[in-house]
Each structure stands twice: as C-alpha cells, then as structure tokens.
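Me: I would like a close look at one part of this model. Start with a single residue, then place others around the fold.

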Amino acid sequence: MNAKRFYPTAIALYFTYFIHGIGVSILGQYKQDFAGVWGADKLSDGTFDVSMVIAVIAALGLGRLLTLPISGPFSDKFGRKPSALIGVALYAVYFIGLAFAPNMYIAYAFAFVGGAANSFLDTAVTPSVLEIFTKNGAIANMFTKFSISIGQFVLPFAIGMVAAANMSFRTLFIITMALIVIDGLIIAFMPFPPMNNNVGGEKAKPAKMKFNATSWAIIGIGFTCTSTFQLWLNCNQELGKLYGMADPSKIQSFYSLGTMCAILITAVLVKKFILPVRILILYPAIATLMLLIIYIVQTPTICLIGGFVIGYAAAGGVLQLAVSTANEFFPTNKGKITSIVMISSSLANYIVLNVASYITKAGGIEGPKYVLLFNVAITVIGILLAIFVNMRYKNESKIATK
C-alpha cells in the first residue's frame, strides 16, 4: 500500500479536529454571553450564574456517549469516509443551531447533536490515521490532539478580533460552520486506505473482542484523563476571575500552548525513549501535582502556569495514547474499540461536568476551588489505573496481537 497517496486525506481529517477543538471550547469561552441570553440569575459580584451553561456543555458528552455504540460499528461496517461525512454534517448543525438557541433547552438539544458529531469523527479519524500511518500509529493519533489544540489556541485570538470589531459572539459559530462544510466537501472526494490493514499493508482477519481487567483499566483511563482536562477547560475562566485575573481568557492560550508542546515532545519520547503506556502514569501525576499547587497558591500567575502545565500533562495526548494502546489489544476492531474508549471519555464529559455544575452552584463564588479538589480525586484514580495497566501490559499486549 502506497501510504503517501492518503496523506492529503489525513490532512483533511486532521482539520476536522481543528474545528472540533473550537467546537468543544467555544461554549466555555462564551459562558457569560449564553447565560445572559438564556436568562440566568446574577451573582453577588454582578456576573451571571453559568451553571446552566456548564450543564449544556455536559450535553456534548451525553450526545457522544449515546451515539458511540452506533458510530463505532458503523465505521467498521460501512467505512471511515461515511462516518467522517456524518460527523461533519452534524457539526455544521451544532454550530448554527447553538448560535441562535433562545434558551438552554434548545441549546441542550444542539449540544447533544455536537456530541454525536464528535462520536462519528472519533470513529472515522482515529482508525483512518492508524491505517494510513501503520508504523507510527500512536504518534499519528496524538496529532489528532495537536489539531484540537491548534483550534483551542487560535480561539481566544479569534474571540478578541470579533470583540474588537464589535461583532456578535455568534460570528465565530457561523464561520466555523462554513469551514467544516468546506472540509466535508473535500473529504467526500478523498481516497481512504483499506480498513484494518496491518503493518505489512494486508487486511487483517476479523477477530472476536475479548476483554480482561487490563483492557477495562485502559478504558477507565479514557474516563479519568478526559475528566481532568474537561474540568479545567470549562472552569478555568471563573477560577481566573476568583484569583484576580484581569483577562482570564489568556489561560486558554497557555493551556493550548502546553498541549501543543506536549504533542511534539511526547511524539519524540514515544518514538525513541519511552513506551506510550508509561506516559499514562507520568503525565497524570504531573497534572495532579499542578492542580494541588493551583489550589494552594491563589494568584493570577499560577493560573497561567497551571494552564500551560495542565494543557501539557492532562490534554497533551493522554487520551489518544490510551486509544492507541487499546487498539494494540484489538487490532482488527479499531472502530469498535475506539468507540468503547470514547464512550468512557464521553461518560466523563457528561458525569463530571454535571457534578461540576452542582459544585459550582453550591459553592457560589468559591465554586471553582472546590472543582479543583474534585479534579484531583479523579486524576489520582487515573494514576492507579495506569499503574495497573503498566504492570500487566507487556505480556498481555503480546497475547492480544498474536
């Protein structure tokens, strides 16, 4: 198989994740605007109660969760391209629908659609890049996260430009909708590699999926690592305000910069120095330590430093490495195992963000600090799961790939 002919396809697929990076972050950046439109109550400091917006953000996880059991088998049966095109179409609906949602209930429905879009992209893009870059699958899959991070890095600057031009906050929703539609048209005419091809370029024979404690632990890491960066991503703005930051949106840029640095550095580490499965312990440990420091050292500067470190250690490809590791156990069921790990990730989106919404509402102005402690508890669980996987990985991965 001549993999080079599929490189333009990979670029187009990576671009969908660039848009996805904007899609999962833009609600968090415009929480006050949406809270005002949807009639939220005002707090004692004059800002709106954003708990309803956090609940809508959680609907992204619910939509992803409920459609992943469909999107994974769909991708394995009908192909990566149809799955990608469905994801693109649903994302276009998400952007335009959310922009003009008059209340949180309609917004919740469109956020559900956005989650469904994410699930179809997950089960199209990840298997595709693993099948295009057969010899460097873990690194190729990490660059899906790199694409997301570029989108998240660009977003605050785009928001600033829109604000400076006195344009509506809905402007970026319309622009991103147009961009993903154009990318979808490109994908429709691109060639895709054979499904489930192995390193030699031949199509592997299907095998029955058999789960054990190790594979379930890897799936559990999908939950914990997603919880870590989603909690930070959707609560850091309020934390920055609580700690006295004049412009909390800068945290997002530092976060995205940290994530991009992590992808580039980790790509070198896993190629030459360290097994990807080892990263599943190291990075969550760094994130846990940083979260505790942020809780103790309550200054604007620590929010920026924390944004970078958490972007590096929590969002810097840990989920993608967990997916790649899981694919080693199920090499002929890439769509299905990707969907299963992402179901775990989606459970995190929905469950922990709903819990964070209650914590935020109950804690009032101090709510973001309590969310930090909740985040610490989740990351510790992830570290324990990763230690278990590392203890059993070497022998079981060999058995799984025979």
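Reply: N166 counts as exposed because its relative accessibility is 72%. The cut-offs are simple: over 50% is exposed, under 20% is buried, and partly exposed lies in between (1.4 Å probe, protein chains only). This is a predicted model: local features need pLDDT of at least 70, side-chain atom pairs count only at pLDDT 80 or more, and totals for chains, interfaces and linings use all residues. Residues are numbered from 1 along each chain as its sequence is written, and side-chain values use heavy atoms, with hydrogens and water left out.

Back to N166. Find it in the loop between α6 and α7 (171-188). Helices here are DSSP runs (H or I, at least four residues), numbered from the N terminus. Look at the backbone too. N166 is not a glycine, yet its phi is positive, at about 55°.

Now step back into the helix before that loop. Helix α6 covers residues 137-164. Its partner here is helix α5, residues 104-132. Their axes come within 8 Å and cross at roughly 145°. Axes are lines fitted to C-alpha atoms, over the stretch in contact for helices, and angles between N-to-C directions run from 0 to 180 degrees. Which residues of α5 meet α6? They are V125, T126, V129 and L130. On the α6 side, G137, A138, A140, N141 and T144 meet them. Contact means heavy atoms within 4.5 Å.

Helix α5 has another partner, α1. These two helices pack at an angle of about 145°, with their axes 10 Å apart. From α1, the contact takes Y7, A10, L13, Y14, T16, Y17 and H20. From α5, it takes N118, L121, D122, V125, T126, S128, V129 and I132.

What comes before α1? A segment that holds R5. With a relative accessible area of 49%, R5 is partly exposed. R5 and I274 are 269 residues apart in sequence, and their C-alpha atoms lie 30 Å apart in space.

Follow α1 into the interior next. The largest nonpolar core has 67 residues. A nonpolar core is a set of buried Ala, Val, Leu, Ile, Met, Phe, Trp, Tyr and Cys residues joined through side-chain atoms within 4.5 Å. Its members L27, Y30, F34, W38 and F173 touch the most other members. Helix α1 (residues 7-29) gives the largest share, 11 residues. Why does this core lie between domain 1 and domain 2? Because both domains, 1-194 and 209-401, give residues to it. Take L27 as a sample. Leaving out residues up to four places away in sequence, L27 touches F34, W38, V53, V56, I57, Y94 and L98. Another core lies apart from this one. That other core has 58 residues, including I139, M245, L319 and F329.

What about the domains themselves? The assignment gives domain 1 (1-194) and domain 2 (209-401), with bounds that come from an automatic or database domain assignment. Their C-alpha centres lie 19 Å apart. Across the boundary, 47 residues of domain 1 are in contact with 50 residues of domain 2.

Three more residues fill in the picture. Start with L85, in helix α4 (residues 80-99). At 30% relative accessibility, L85 counts as partly exposed. Beyond its neighbours within four places in sequence, L85 is in contact with G184, I187 and A188. L85 and L185 are 100 residues apart in sequence, but 8.5 Å apart in space, C-alpha to C-alpha.

N354 is next, in helix α13 (residues 334-363). It is buried, at 17% relative accessibility. Setting aside neighbours within four places, N354 is in contact with A55 and A58. From N354 to P156 is 198 residues along the chain, and the C-alpha atoms are separated by 25 Å.

Last comes N327, in helix α12 (residues 318-329). N327 counts as buried because its relative accessibility is 7%. N327 touches L130, K334, I337 and T338, again not counting residues up to four places away. That links back to α5, where L130 is one of the residues that meet α6. Compare a separation along the chain: N327 and C303 are 24 residues apart, with 35 Å between their C-alpha atoms.
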